[in-house]
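Biologist: Could you put the model up, so that we can go through it together?
Modeller: Here it comes, and you can ask as we go.

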Amino acid sequence: MQLVLLARLLSVGRAVLAALRGRLGALCWSLAPLSLSLPLSLPGWRDSAPRPQREQERDDAPLTPTSVNYHFTRQCNYKCGFCFHTAKTSFVLPLEEAKRGLAMLKEGGMEKINFSGGEPFLQDRGEFVGKLVQFCKQELELPSVSIVSNGSLIRKQWFEKYGEYLDILAISCDSFDEDVNVLIGRRQGKKNHVENLHKLRQWCREYAVAFKINSVINRFNVEEDMNEQIKALNPVRWKVFQCLLIEGENSGEDALREAEKFVISDEDFDRFLDRHKDISCLVPESNQKMRDSYLILDEYMRFLNCRNGRKEPSKSILDVGVEAAIKFSGFDEKMFLKRGGKYVWSKADMKLDW
């Protein structure tokens with residue numbers, strides 16, 4: 001008897017829920033013309049109302065490679081323990097193929113190219129990246145051409161030959177304490193990384209190249225106060241990254257680095273930012289901002305999708321074209337703009353006092 005009563009109660013309950021679903025569905029449809037959205041969700045009920053046409057068109061619109069980071073080599077002379085683009089291959093495209101890909105990107109809407117690695121100046125003693133910089137500025141007429149380097153292999157002769165074509169040189173510097181740089185792996189032989197940084201700053205002044213500093217905040221430098229040194233160097237931008245784990249690069253079984261010991265919490269990162277809040281050129285990038293807001297092109301000119309915490313390559317733009325390859329990039333254009341990815345990036349527009 002009790003089982004029969006329970007079955008009837010369940011049946012009545014299901015009927016009431018079904019009726020509520022129907023009423024809620026009708027209510028949402030009636031409010032649709034008013035452009036209201038209700039955060040209602042019940043089991044078994046799906047909102048089938050079509051999205052506004054503008055939103056659909058925005059989602060279907062092809063991505064534009066406005067700013068691209070081309071990691072044309074994975075080889076490096078440093079051994080930074082948190083490196084997220086490690087020396088898994090020694091491949092570098094032939095110069096003319098790289099130029100062909102860059103021309104395709106320009107045709108697809110690229111305004112800024114950033115050459116990175118690995119260490120860009122390792123290939124042909126800087127001649128390879130120098131020729132690409134000259135090609136992008138002189139022939140493609142890109143508004144902005146930049147390089148990220150550890151700075152250890154750059155010579156003054158390079159500036160004399162290619163400096164006029166380069167808008168921004170970003171030097172990686174994670175600490176102004178040489179002992180910390182040694183712990184991180186940002187050193188080669190007896191060369192002092194900090195002394196070299198100041199030398200490069202001076203060359204950038206002499207050859208009218210905007211100077212930028214990139215720092216990865218990690219367990220070994222999170223308590224450091226860099227205010228005095230950064231103000232003295234006076235870069236156009238100080239990019240401050242939170243140490244990021246990428247499976248297969250610096251984390252996991254098939255990784256060449258074990259960066260777990262470098263990782264800091266969001267709270268630690270925020271404390272570092274608060275300590276340097278008076279530096280006007282500081283541009284902070286947390287893990288959330290960084291992960292999907294960069295268009296990364298690897299040594300084969302494949303876009304790398306980092307949305308699943310590891311780098312998943314598209315097909316090469318040289319094989320399928322930019323529009324087809326970029327669909328698999330995982331690029332979050334909104335986050336790119338939110339993190340300040342588009343800024344005054346041409347030295348002609350910076351009006352700096354060289």
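Biologist: Of the contacts between residues at least 6 apart in sequence, what share joins residues at least 24 apart?
Modeller: In this predicted model, 73% of those contacts join residues at least 24 apart in sequence.

Biologist: And how many helices and strands are there?
Modeller: The protein has 14 helices and 10 strands, and of its 354 residues 48% count as buried.

Biologist: What about the surface, how much of the accessible area belongs to carbon and sulfur atoms?
Modeller: The accessible surface of the protein is about 18,800 Å², and carbon and sulfur atoms account for 51% of that.

Biologist: Switching to one residue, where does Thr-86 lie?
Modeller: Thr-86 sits in the loop that runs between β1 (67–71) and α3 (95–107).

Biologist: Is Thr-86 buried or exposed there?
Modeller: Thr-86 counts as buried, because its relative accessible area is 1%, and the cut-off for buried is under 20%.

Biologist: Which residues does Thr-86 touch, leaving aside those up to four places away in sequence?
Modeller: With those set aside, Thr-86 touches Arg-74 and Glu-249, and also Leu-256 and Arg-257.

Biologist: New topic, how many cavities of 30 Å³ or more turn up?
Modeller: The count is 1 cavity of 30 Å³ or more, and the largest cavity holds about 30 Å³ of space.

Biologist: Which residues line the largest cavity?
Modeller: The lining includes Arg-291, Asp-292, Tyr-294, Cys-306 and Phe-331, and by class it is made up of 5 nonpolar, 2 polar and 2 charged residues.

Conventions:
Residues are numbered from 1 along each chain as its sequence is written. This is a predicted model: local features need pLDDT of at least 70, side-chain atom pairs count only at pLDDT 80 or more; totals for chains, interfaces and linings use all residues. Side-chain values use heavy atoms; hydrogens and water are left out. Helices (H or I, at least four residues) and strands (E, at least two) are DSSP runs, numbered from the N terminus. Buried means under 20% relative accessible area, exposed over 50%, partly exposed in between (1.4 Å probe, protein chains only). Contact means heavy atoms within 4.5 Å. Accessible areas come from the Shrake-Rupley method with a 1.4 Å probe; for residues, only the protein chains shown count as cover. On a 1 Å grid over the protein atoms alone, a cavity is a set of points where a 1.4 Å probe fits but cannot get out, and a pocket is an open set with protein on both sides within 12 Å along at least five of seven lines; lining residues have an atom within 4 Å of a point. Grid points are joined across faces, edges and corners, and a volume is the space filled by probe spheres set on the points. Ala, Val, Leu, Ile, Met, Phe, Trp, Tyr, Cys and Pro count as nonpolar, Asp, Glu, Lys and Arg as charged, and the others, Gly among them, as polar.
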